[in-house]
Protein chains: 2
Amino acid sequence: MSMFSMAANHSIRPVQEDIIFGMGAMAEEAIRDKGFKRVINATIGALLDDDGKLVTFHSVFEVLKGLSDQQIAAYAPLSGMPEYIKYAIEATFMGYRPNGFIDGVATPGGSGAIRHAIWNYTDAGDKILTSDWFWEPYQTMASEHMRKIVTYELYDEEMNFNLESFEKSLGDLLDEQKRALVMLNTPAHNPTGYSLSNSEWMKLREILIEFSKDQENKIILFIDVAYLDFCNDEEREFFKLLSNLPKNILVLISFSMSKGYTFYGLRSGALLGVSSDEDIIREFKNVCSYSNRGVWSNGTRAAMETLIEIYKNDNIRKKVFEERAKHKQILKERAETFIQSAKEAGLAICRYKGGFFISIPHDDPMRLAEKLTEKDVFVVPLEKGLRFAVCAVSLEKCKSAPALIKEMMESLK
Amino acid sequence: MSMFSMAANHSIRPVQEDIIFGMGAMAEEAIRDKGFKRVINATIGALLDDDGKLVTFHSVFEVLKGLSDQQIAAYAPLSGMPEYIKYAIEATFMGYRPNGFIDGVATPGGSGAIRHAIWNYTDAGDKILTSDWFWEPYQTMASEHMRKIVTYELYDEEMNFNLESFEKSLGDLLDEQKRALVMLNTPAHNPTGYSLSNSEWMKLREILIEFSKDQENKIILFIDVAYLDFCNDEEREFFKLLSNLPKNILVLISFSMSKGYTFYGLRSGALLGVSSDEDIIREFKNVCSYSNRGVWSNGTRAAMETLIEIYKNDNIRKKVFEERAKHKQILKERAETFIQSAKEAGLAICRYKGGFFISIPHDDPMRLAEKLTEKDVFVVPLEKGLRFAVCAVSLEKCKSAPALIKEMMESLK
């Protein structure tokens, strides 16, 4: 880059090569050279069938393609179509709606929801708390808005949620800032697949309530549930624990149509707010609606109309849920196969409970990922290990990959 | 709102009723009560047919509905599909591409492009320069990002572009900040319909070059061309004047599919950059791609695929252009009728050259807009007058409205 620059200082950042994109491109080249069957491309964060084709839910696209041109062409209201928000809330909580005041604002996917949480609930220069294994774009989103990420340890020694580290980190942050935005990605955490158990949720709730007793503390618990629809319905039980929290704890939840409706490219989600205090939710709605107008104006109407149509018609909803259940089962079998093979190969993996990814801890992930390309295995190297996308790889390949990873890991010693 | 608040201070703002929405709702009520024929609803910023139905280009929606589910479902690359960017550049400049380095980044509509220009090319607290008649969301977007809007006078006494006021304001801003983001909405300015003439563009260019001689000055000229596709092709000639500017003048242009392709609700646009310096454009691309990931991740793929399909196929493009030309003509006739009637009624209006809106100067716009509802005429009150959407009102109503406006104006005296 030239010494001379036109961008504002805060926007000038070292240019990093996109590792996921780079690995993906290498995988595609290998597929061209050697054929799809011989290559394991576990870099893609979307549901693919066994032949590597993107899975799309027929029942959802039938609705989309049946919309009138006007339904697609018109602007949606700034904060989202009211019925869309209503059904986004229903789709998120199902039978486990917490007590309290709840509202939402439409956003472009879950990413837009994260943006609003960061911008509207922290100040410039603030630190945001998440786990040490985290989806790397959190970093980009924090940094874009001049915030920083600090982390607690996700796992304790038994590979359970590290409540001690969480409590310590949150306490430190509140001491420093009095305001803490906590970004929790559960259930089916990206990249590890971890989900907090109900008893862990209960303890986490107690920790939050304890800290909230200092009336000056403001705790914003942001829950990223991008992969929620690929968990069992009962895993929504923790939502009930978000009931009746003190008013200086605000819960934010990101709804997304990307994975659960295979609407990745249509950019439709919502930020939902839950509070025991009506005024706090009114403020949330006002603040985030203002942000919508101030950032991207309004959301993709076609996606909103589709969700509305699905939830208004029991028959359609049933078809969508059945189609999703089928793919949930495929995903589950792939993950179980990977875990079983890892066990057999003696490959240590992060504790996985659900979702699109399994992670393998390693202290030189970049080198290991490169080494694996020799075996035509393509994965994403993270800070603390490798991310293997079971969502994108056939059962057969999920079976063979762990031994190859273990072998290459050994070869680096 | 409660005294107790969870949002960050910078995000808490007085809640204003949405005037456009409020006026629109009143118009709809009047239509229900009295019938569509008797009501003039000139609040809507989209092309409607004479019966008040949203115009959608059949040729464009045919392409959209012909896309495969996979084309719609997949994520687009973070900075946009490369072919989309290529064709967005082609669609914007047509035969009038400036010399220089040009690149672009996909954004959700033109709004997203404005967001990136504001965030990446000004600093917190900075002032941004635009004309005193301006699209009010500029204010929201500036304020969301903790910037301020300052204005020059759009018109001189002859209702031409006020170069003197522009030069003075830009000079003051550069003295103060050394960095100036200028937001120019031309051709077919919203809300007035003004377009800079070529000779005005040449003089504006000279002013910019003069200021650029101070090497410490950085001038970012952002051109909002949301209504470009409803102007004659020759009106793109000014783009050639953006060639070979000094490297401390960066030109940014917002491309949008909202109006030109009736894709309002699909949220697809791009921010384009033009510079004589390759490094500056490389920086632009890096900085705005980073922002994409940091704000909304990626854009609506279905819209990108549609633009690509249109521009790849001469036949389809021809059909789209013909359909657009038909509606351009309808729009032109409506505007000419309004202008002629205004003349006959002795109603002074802002100088209009094209686009969706005509403005009527007034010093108590809110009161006048309210008064007009008595005549079943619904318009948007702005800071400096009324905005009448010729895009949304039949020829017949464009003919009758000016006399009604004049009458109500007189009644307030």
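**Strand S2 of chain B**

I started with strand S2 of chain B, residues 101-107, in this predicted model. Five of its seven residues are buried, so the rest of the structure largely encloses the strand. I then looked for its partner. S2(B) pairs with strand S8 of chain B, residues 269-275. The two run antiparallel and share seven bridges. I picked out one position: Phe101(B) faces Ser275(B) in S8(B).

**The sheet in chain A**

Next I traced the sheet in chain A. What is the order of its strands? I read S2-S8-S7-S6-S5-S3-S4, seven strands in an open sheet with mixed pairing. Strand S2 (101-107) and strand S4 (148-152) of chain A are the edges, each pairing on one side only. I also noted the twist: neighbouring strands of this sheet are turned by 25 degrees against each other on average, direction ignored.

I went into the sheet at S7(A), residues 249-256, and S8(A), residues 269-275. They are antiparallel and joined by six bridges. Within that pairing, Ile253(A) has Leu272(A) in S8(A) as its bridge partner. Helix H9 of chain A, residues 278-295, packs on the sheet. I found H9 touching S2, S7 and S8 of chain A. The direction of H9 makes about 5 degrees with that of S2(A).

**Aromatic pairs**

I searched the whole structure for aromatic pairs and got 40 over all chains. I took two for a closer look.

The first was Tyr227(A) with Phe357(A). Their ring centres are 5.9 Å apart and the planes stand at 80 degrees. Edge-to-face needs over 60 degrees, so this pair qualifies. Where do the two residues sit? Tyr227(A) is in the loop between strand S6 (218-224) and S7 of chain A, and Phe357(A) is in strand S9 (residues 357-361) of chain A. They are 130 residues apart in sequence, so the pair ties together distant stretches of the chain. I checked burial too. Tyr227(A) has 5% relative accessibility and counts as buried. Phe357(A) is buried as well, at 2%.

The second was Tyr84(B) with Phe255(B), also edge-to-face. I noted 6.2 Å centre to centre and 70 degrees between the planes. Tyr84(B) belongs to helix H4 (residues 82-93) of chain B, and Phe255(B) to strand S7 (residues 249-256) of chain B. This pair links parts of the chain 171 residues apart. Are these two buried or exposed? Tyr84(B) is buried, with a relative accessible area of 0%. Phe255(B) is buried at 4%.

I also marked a cluster in chain A. Ring pairs link Phe93(A), Trp201(A), Phe238(A) and Phe239(A).

**Charges over rings**

I then looked at charges over rings. Lys218(A) lies over the face of Phe4(B), 4.9 Å from the ring centre. That one joins a residue of chain A to a ring of chain B. In chain B, Arg324(B) lies over the face of Phe321(B), at 5.0 Å from the ring centre.

**Met81 of chain A**

My last stop was Met81(A). It lies in the loop between helix H3 (69-73) and helix H4 (82-93) of chain A. Buried means under 20% relative accessible area; Met81(A) is at 10%, so it counts as buried. What does Met81(A) touch, leaving aside neighbours within four places in sequence? I listed Ala76(A), Arg301(A), Met304(A), Glu305(A) and Ile308(A). I also checked Ala106(A), 25 residues away along the chain. Its C-alpha atom is separated from that of Met81(A) by 7.9 Å.

Notes
Residues are numbered from 1 along each chain as its sequence is written. Chains are lettered from A and ligands numbered from 1 in the order in which they are written. This is a predicted model: local features need pLDDT of at least 70, side-chain atom pairs count only at pLDDT 80 or more; totals for chains, interfaces and linings use all residues. Side-chain values use heavy atoms; hydrogens and water are left out. Buried means under 20% relative accessible area, exposed over 50%, partly exposed in between (1.4 Å probe, protein chains only). Helices (H or I, at least four residues) and strands (E, at least two) are DSSP runs, numbered from the N terminus. Two strands pair if DSSP finds at least two bridges between them. Axes are lines fitted to C-alpha atoms, for helices over the stretch in contact, and angles run from 0 to 180 degrees between N-to-C directions. Contact means heavy atoms within 4.5 Å. Rings of Phe, Tyr and Trp (its six-membered ring) pair if their centres lie within 6.5 Å; planes under 30 degrees apart count as stacked, over 60 as edge-to-face and the rest as tilted. A charge sits over a ring if NZ of Lys or CZ of Arg is within 6 Å of the ring centre and within 35 degrees of the ring normal.
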